[in-house]
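Got the model open in your viewer? Let's walk through it one selection at a time.

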4 protein chains.
Amino acid sequence: MKNAVILGATGYTGAEAVRLISGHPKINIIGLVGNTSTGVTYESLYPNFHNIDLPIISSIKDIDWTNVDVIFSCLPHGASQEVISSIYDSVDTIIDLSADFRLKDPDLYQYLYGEKHIFPDYLKKSIYGLTEFNRKKLLGAKLVACPGCYPTCSLLGLLPALESSSIDLDNIIIDAKSGASGTGRKASKSLHFSEISDGCHAYSIANHRHAPEIEQTIENITGRKVKVSFTPHLIPMNRGMVATSYVKLADGVTYQDLRQIYQDRFKNEPFVVLENQGISPHSRHIKGSNICKIALFEDRRPGWVIIISVIDNLTKGSAGQAIQNYNLTQGWAETLGLINISMFP
Amino acid sequence: MKNAVILGATGYTGAEAVRLISGHPKINIIGLVGNTSTGVTYESLYPNFHNIDLPIISSIKDIDWTNVDVIFSCLPHGASQEVISSIYDSVDTIIDLSADFRLKDPDLYQYLYGEKHIFPDYLKKSIYGLTEFNRKKLLGAKLVACPGCYPTCSLLGLLPALESSSIDLDNIIIDAKSGASGTGRKASKSLHFSEISDGCHAYSIANHRHAPEIEQTIENITGRKVKVSFTPHLIPMNRGMVATSYVKLADGVTYQDLRQIYQDRFKNEPFVVLENQGISPHSRHIKGSNICKIALFEDRRPGWVIIISVIDNLTKGSAGQAIQNYNLTQGWAETLGLINISMFP
Amino acid sequence: MKNAVILGATGYTGAEAVRLISGHPKINIIGLVGNTSTGVTYESLYPNFHNIDLPIISSIKDIDWTNVDVIFSCLPHGASQEVISSIYDSVDTIIDLSADFRLKDPDLYQYLYGEKHIFPDYLKKSIYGLTEFNRKKLLGAKLVACPGCYPTCSLLGLLPALESSSIDLDNIIIDAKSGASGTGRKASKSLHFSEISDGCHAYSIANHRHAPEIEQTIENITGRKVKVSFTPHLIPMNRGMVATSYVKLADGVTYQDLRQIYQDRFKNEPFVVLENQGISPHSRHIKGSNICKIALFEDRRPGWVIIISVIDNLTKGSAGQAIQNYNLTQGWAETLGLINISMFP
Amino acid sequence: MKNAVILGATGYTGAEAVRLISGHPKINIIGLVGNTSTGVTYESLYPNFHNIDLPIISSIKDIDWTNVDVIFSCLPHGASQEVISSIYDSVDTIIDLSADFRLKDPDLYQYLYGEKHIFPDYLKKSIYGLTEFNRKKLLGAKLVACPGCYPTCSLLGLLPALESSSIDLDNIIIDAKSGASGTGRKASKSLHFSEISDGCHAYSIANHRHAPEIEQTIENITGRKVKVSFTPHLIPMNRGMVATSYVKLADGVTYQDLRQIYQDRFKNEPFVVLENQGISPHSRHIKGSNICKIALFEDRRPGWVIIISVIDNLTKGSAGQAIQNYNLTQGWAETLGLINISMFP
């Protein structure tokens with residue numbers, strides 16, 4: 001058993017980490033850190049955790065690091081690097097769910113997140129935890145930077161096409177739709193029920209911080225610098241994410257070729273499902289699961305393909321992938337603690 | 001005052017037509033036809049119509065056509081042409097909200113809708129009622145084929161770019177999101193609250209009947225045959241539609257050029273609003289209104305632009321535009337009966 | 001034309017007041033006060049107000065009171081009395097939508113709202129604006145205290161029974177359900193979309209500030225001090241309120257007697273609808289309307305009746321009734337500016 | 001391991017049974033019966049069951065009963081008794097989730113459900129599976145009639161008060177709120193997303209079939225015939241149920257007495273939680289769990305208490321309690337296969 005502390009445990013991502021780790025056979029939660037709610041039970045913040053044996057929420061300074069094997073940091077960016085820099089040597093493994101160690105370039109980080117990175121040497125050392133891409137680098141990794149939810153959903157949909165050079169890198173258009181839990185458990189007028197329900201809108205258009213993260217990973221996969229079109233939309237649903245990607249096939253590649261490439265690439269992936277031809281996946285059918293479902297459709301425009309990928313933003317898009325990554329750092333079965341049946345309706 | 005009969009009055013589109021026409025100063029509803037619910041009050045089907053003076057729902061055969069000036073047909077495709085062919089000479093004006101007279105090519109109609117068109121001569125005679133495009137042809141028109149909701153939303157977003165040859169016609173990608181009222185008031189397992197709420201999915205991918213309608217209209221605007229990418233998504237909201245279109249600027253055209261073209265083109269349009277730069281319109285802010293809001297964003301990929309257009313699928317996407325068109329056939333002010341404040345929240 | 005200033009115009013209640021007054025033929029909005037958003041257009045806060053001619057949002061100190069005939073105060077309690085006390089003599093009429101002038105007893109006010117009332121003399125002078133009860137006192141009234149949404153919905157359902165002494169005052173149980181707009185446009189974790197959607201809960205059980213307000217009004221109607229059971233629930237909907245009241249008939253009164261009493265009492269009320277026997281009203285069918293629908297059902301328990309009343313919490317439950325009251329203070333038709341068709345779906 | 005066949009597996013209740021039994025350590029699903037969808041995979045109907053090893057959906061006539069130990073019947077009433085009568089002797093245990101064996105009086109059954117019961121002798125033999133009430137009778141039971149969702153939620157909230165004669169049986173008022181999954185996966189206009197979302201309404205007022213079921217059970221607990229007030233409401237949420245019950249304390253019983261009675265009664269119940277004083281449970285915090293949360297509040301009216309009970313209608317209200325009951329028939333730990341963390345948000 002490994003002893004885990006969850007930082008930022010009071011947000012939605014933290015709650016999903018607690019939910020999943022509570023059912024993990026080899027991880028024991030020994031600390032829940034949430035600076036604004038110390039001293040209270042977790043159940044008082046998340047009444048769904050009834051009768052689950054969990055530590056009282058504590059302050060970071062009250063953690064005794066001698067027994068801690070791993071931290072899962074669900075802190076916001078900025079806060080996460082601050083804590084991680086201070087306890088880096090005290091723990092074996094750090095699974096960071098924030099944006100703090102995803103980007104390799106400190107200048108890009110500063111540009112996007114508005115603050116100088118205080119721990120830039122570790123940007124290079126971190127392993128980008130898009131599991132299906134970086135699986136081999138995860139064994140023994142000390143610092144894993146888990147991807148954002150949008151990059152996870154989008155990149156899994158594109159991965160075989162990118163790895164196999166099957167598409168034109170200058171023509172990648174990602175139209176993404178996310179549930180409201182992705183905004184975090186924040187007090188904000190714009191997150192009021194009445195501001196989100198019964199309507200739809202795009203936001204951070206051509207300007208979302210996850211776009212450069214997607215581009216960096218595409219560069220890491222293909223060796224080429226690219227720009228992608230990326231437009232997120234907020235949908236009146238709690239969990240779930242759909243990325244509809246429009247891609248142009250490389251010369252000589254057909255839709256059926258691409259389908260075969262996807263089948264081959266994903267056939268052994270435990271958490272990626274290629275839908276049968278003609279089936280469009282619903283985000284509501286994978287809630288709470290670590291599964292990513294992917295569908296390929298031939299576009300009306302010759303030479304183009306529509307790729308649909310759906311995940312649960314809090315699970316595969318965050319805490320589920322984090323655990324998947326931690327399993328790999330330890331050499332455990334990748335699926336440990338992550339097999340469940342999604343609940344519908 | 002003109003006397004109107006509304007066919008297919010019992011569906012959501014019909015109900016929106018009744019709501020809007022009830023407030024129209026020059027149209028009087030003298031017949032509500034709904035074959036499955038004859039003999040009952042409209043309020044019994046739509047309790048929101050409390051205390052509104054409306055005819056009892058009747059069968060088509062009970063209509064006395066001598067006093068009817070106009071019919072608004074909210075029947076499903078197929079049923080609509082059947083009725084229209086039988087009463088064509090009895091009325092002055094026919095505003096068809098179904099798909100029956102939108103397409104000019106009877107073979108395409110048959111291919112898409114699965115039945116031979118019974119009234120093909122009139123396909124050519126009908127005026128396609130995308131008001132902002134075909135306004136001049138509407139005065140005196142006898143048969144107006146109102147566009148589908150998706151074509152309305154998508155085409156309004158593209159119209160100035162198409163008219164001005166500012167974009168590459170081979171690179172038009174439309175990702176659309178619709179509320180559930182667009183499905184109609186049907187009994188269907190797949191429309192059950194629990195099948196639509198708390199999730200999102202694409203449907204009819206690369207295969208939706210509105211794609212050829214969009215293409216036909218682009219051809220009519222530009223003179224060129226095109227194929228567009230069109231992917232609709234169902235969103236857990238009642239009303240509203242968002243079309244996010246990705247377009248490539250023609251050589252020599254800049255984003256600011258395009259912005260100027262849009263400003264000029266729409267500045268006198270009563271129902272089209274170009275948002276200030278940086279503002280993303282929400283579908284929830286135009287519910288019940290005939291307004292289409294449009295925003296232009298420069299893409300991360302040089303030379304591409306993201307166009308967002310939002311409408312209420314039942315209003316501008318259907319019954320509102322139908323009335324706007326009828327106003328024009330009569331030479332009335334286009335906005336008659338259509339000025340209201342959208343209700344939010 | 002009367003010139004109106006709307007205080008607290010930036011909340012949901014304020015927005016509903018602006019929406020309704022914008023369509024009122026005898027009221028002109030000359031000031032919109034919202035201290036935290038001064039200097040911006042109303043459309044920037046509420047994009048549904050596109051192209052509506054409205055003043056820029058200003059600070060209270062920038063209002064020139066010489067031309068103001070009426071203020072509609074949508075401020076929170078406490079803030080409302082503060083402003084009203086300072087401008088009381090500057091305007092002809094004050095329609096207060098807050099809780100500040102509803103209760104007649106300053107001690108009860110202080111107990112419930114936690115602050116000493118600064119303007120207690122005016123508690124007595126204010127007219128409690130439950131229109132259907134106090135209609136006769138409204139003509140010429142200077143200060144109208146509009147009821148809370150829950151009291152409006154509950155009391156309208158009970159009014160004929162109370163006035164006619166048809167029910168046992170010791171057995172009044174009100175189970176109420178409200179949409180989320182009733183919470184106001186506040187930044188709060190507990191109002192986050194994900195905290196309200198896809199679930200239901202009771203709150204302020206036996207402890208809600210509207211219960212003493214209901215009791216005070218029952219005392220004013222019947223002359224007897226009472227305690228009622230009142231339990232509000234938050235429902236994942238934007239607008240709408242349902243009060244399900246359980247009452248015991250007085251000795252000798254039958255269900256059919258009560259039905260007759262309700263029919264007689266409401267037959268001339270422009271905004272109260274008694275449903276036909278067996279029909280249960282939906283809140284979704286009166287959204288945006290000033291109508292209250294009421295249904296009476298004979299309980300399984302002999303001698304008890306179930307009364308269901310539904311309103312739109314922002315309209316009849318707040319801004320609509322406020323305008324109805326103002327119409328009456330001026331001797332205008334009560335329905336002026338308030339006749340519309342509710343939008344569904 | 002016991003071999004189970006699930007009848008009516010294609011509805012929401014059936015799907016919840018499949019979900020829960022799939023994770024049960026001692027039950028093996030060997031048949032899924034759904035007459036309208038035979039020959040297809042369960043995943044094709046419920047895509048959330050990805051990669052779960054389940055039988056193809058078959059017709060009842062294709063079941064080989066020799067190896068079947070238990071059937072869980074999720075069929076509608078009427079259909080359930082028909083199948084059960086035909087295979088009664090072929091299986092060891094029958095857990096019926098329909099209404100067919102809940103009522104002891106065949107005349108009442110016929111009155112409420114409109115058909116003569118074809119198997120009336122077995123009405124008496126069935127054990128009413130309100131587990132917390134009838135636990136001792138379940139060991140070895142052959143035919144268990146699982147309660148309806150409303151009776152489960154309501155009666156658990158009342159159970160200690162009824163058993164201890166702490167309340168006046170003539171003053172029990174139950175105001176219940178249910179999510180839409182309780183309606184079943186049916187094609188119906190009235191279940192369309194737009195007919196349920198963004199609104200609330202009561203239905204089957206004073207007339208719901210679950211009221212007599214509640215009354216029968218109260219009689220079985222207390223020995224006295226009673227009538228209760230019971231009013232269900234449909235709420236725009238998928239899962240979840242809240243019963244708000246208003247009860248009058250018996251002479252000499254105080255609120256604190258009742259609280260103590262509840263604490264004592266429930267302290268060893270694995271699935272019933274008495275909330276700390278002042279806490280109101282949310283249905284959204286127990287989704288997918290077999291837990292019933294109960295809260296007691298002192299009413300404003302002296303001598304009355306408000307009891308709030310919440311369950312997931314598909315779990316404790318249906319399939320979860322069914323498994324809890326089956327566990328007890330076999331002498332297994334009651335909680336087997338039913339311990340999980342509810343997912344929120």
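Contact here means heavy atoms within 4.5 Å. Keep in mind throughout that this is a predicted model.

**Stop 1: chains A and B**

Colour these two chains separately and select the residues where they meet. You should pick up 51 residues from chain B and 51 residues from chain A. Together the two chains bury about 4,100 Å² against each other, with carbon and sulfur atoms giving 54% of that area. Now highlight B:Asp198, B:Arg284 and B:Arg300: they supply 20% of the area that chain B buries against chain A, more than any other three residues.

Next, bring up the side chains. There are 6 salt bridges between chain B and chain A. For one of them, zoom in on A:Asp198 and B:Lys287, where the closest N and O atoms are 2.7 Å apart. Polar contacts are plentiful to click through, too: 38 residue pairs across this interface, both partners at pLDDT 80 or more.

Which elements of chain B supply at least two residues each to the side that touches chain A? Among them are the strands β8 (167–178), β10 (229–234), β11 (241–249), β13 (292–298) and β14 (304–311), along with the helices α8 (193–196) and α9 (210–222). Of these, β8(B) gives the most, with 7 residues. Colour that side of chain B by residue class and you get 24 nonpolar, 13 polar and 14 charged residues.

**Stop 2: the open sheet in chain C**

Hide the rest and show chain C as a cartoon. Look for an open sheet of 7 parallel strands, running β3-β2-β1-β4-β5-β7-β6. Why do β3 (57–58) and β6 (127–128) of chain C each have one side without a neighbour in the sheet? They stand at the edges, so each has a single partner strand. To inspect one edge, select β2 (residues 27–33) with β3(C): the two pair in the parallel sense over 2 bridges. Within that pairing, C:Leu32 has C:Ile57 as its bridge partner.

**Stop 3: the matching order in chain D**

Switch to chain D and trace its open sheet of 7 strands, again β3-β2-β1-β4-β5-β7-β6 with parallel pairing. This time step inside the order and pick β5 (residues 93–96) and β7 (residues 143–145) of chain D, which are joined by 3 bridges and run parallel. D:Ile94 stands opposite D:Leu143 there.

**Stop 4: strand β11 of chain D**

Stay in chain D and select β11 (residues 241–249). Of its 9 residues, 8 are buried, so the strand is largely enclosed by the rest of the structure. Add β8 (residues 167–178) of chain D, which pairs with β11(D) in the antiparallel sense over 8 bridges; D:Asp175 faces D:Thr244 in this pairing. Then add β14 (residues 304–311) of chain D, also antiparallel to β11(D) over 8 bridges. Here the pair to label is D:Tyr246 opposite D:Ile306.

**Stop 5: D:His282**

Finish in the loop between β12 (272–274) and β13 (292–298) of chain D, where you'll find D:His282. Is this residue buried or exposed? Its relative accessibility is 17%, so D:His282 counts as buried. Turn on chain C again: the side chain of D:His282 makes a polar contact with that of C:His201 at 3.4 Å. Within chain D, a 2.7 Å polar contact links the side chains of D:His282 and D:Arg284. Leaving aside residues up to four places away in sequence, D:His282 touches C:Cys200, C:His201 and D:Val310.

Definitions and conventions:
Residues are numbered from 1 along each chain as its sequence is written. Chains are lettered from A and ligands numbered from 1 in the order in which they are written. This is a predicted model: local features need pLDDT of at least 70, side-chain atom pairs count only at pLDDT 80 or more; totals for chains, interfaces and linings use all residues. Side-chain values use heavy atoms; hydrogens and water are left out. Buried area is the accessible area (1.4 Å probe) that two parts lose on being put together, summed over both. A salt bridge is a side-chain nitrogen of Lys or Arg within 4 Å of a carboxyl oxygen of Asp or Glu. A polar contact is a pair of N or O atoms within 3.5 Å; within protein, one must be able to donate a hydrogen and the other to accept it, and residues adjacent in sequence count only if both atoms are side-chain atoms. Helices (H or I, at least four residues) and strands (E, at least two) are DSSP runs, numbered from the N terminus. Ala, Val, Leu, Ile, Met, Phe, Trp, Tyr, Cys and Pro count as nonpolar, Asp, Glu, Lys and Arg as charged, and the others, Gly among them, as polar. Two strands pair if DSSP finds at least two bridges between them. Buried means under 20% relative accessible area, exposed over 50%, partly exposed in between (1.4 Å probe, protein chains only).
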